[in-house]
Amino acid sequence: MSWIFLVMAGIFEMIGVLMINKLHKERNLISLILLIAGFGLSFWLLSLAMETLPMGTAYAVWTGIGASGGAILGMIFYGEPRNALRIVFITMVLGSAVGLKLVS
């Protein structure tokens with residue numbers, strides 16, 4: 001169950017990051033509420049995951065999901081560059097997160 005909490009925490013981290021950019025472009029209450037909710041749920045789920053997972057592993061996976069997901073969402077929604085090297089490095093980050101799961 002801890003790994004499910006951790007993956008969900010990473011997804012909510014991605015939502016929080018997406019809302020930072022949206023709030024920067026359109027200052028409205030809904031974007032602010034979604035930003036706070038995204039990061040709030042992310043931290044709460046991360047804390048639940050860390051009850052049984054080692055802190056270093058949980059934090060590395062959470063950050064990897066959030067960073068990679070943020071980069072992918074930036075490419076999808078905000079027209080950020082989609083070059084091959086960027087995708088290779090995103091894949092490496094996600095592969096490292098999977099590797100940490102396999103050795104845990």
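**Val 98 and the salt bridges of a predicted model**

At 48% relative accessibility, Val 98 is classed as partly exposed, because the class of exposed residues begins over 50%. I should state at the outset that the structure under discussion is a predicted model.

Let me place this valine first. Val 98 lies in helix 4, which comprises residues 84-103. With respect to Gly 64, which is 34 residues away along the chain, the C-alpha to C-alpha separation from Val 98 is 9.9 Å.

I turn now to charged side chains. Side chains that carry opposite charges can pair when their charged atoms come close. How many salt bridges does the count give here? The count comes to two.

One of these joins the side chains of Lys 22 and Glu 26, with an N to O distance of 3.9 Å. That pair qualifies because the criterion requires the nitrogen to lie within 4 Å of the carboxyl oxygen. As to solvent accessibility, Lys 22 has a relative accessible area of 29% and is partly exposed. Glu 26, at 42%, is likewise partly exposed.

The other salt bridge is formed by Glu 80 and Arg 86, whose side chains meet at 3.0 Å, again N to O. Are these two partners buried or exposed, or do they fall in between? Glu 80 has a relative accessible area of 29%, which makes this glutamate partly exposed. Arg 86 stands at 23% relative accessibility and also counts as partly exposed, since buried would mean a value under 20%.

To close, I return to the two salt bridges in the count: Lys 22 with Glu 26, and Glu 80 with Arg 86.

Note on methods: Residues are numbered from 1 along each chain as its sequence is written. This is a predicted model: local features need pLDDT of at least 70, side-chain atom pairs count only at pLDDT 80 or more; totals for chains, interfaces and linings use all residues. Side-chain values use heavy atoms; hydrogens and water are left out. Helices (H or I, at least four residues) and strands (E, at least two) are DSSP runs, numbered from the N terminus. Buried means under 20% relative accessible area, exposed over 50%, partly exposed in between (1.4 Å probe, protein chains only).
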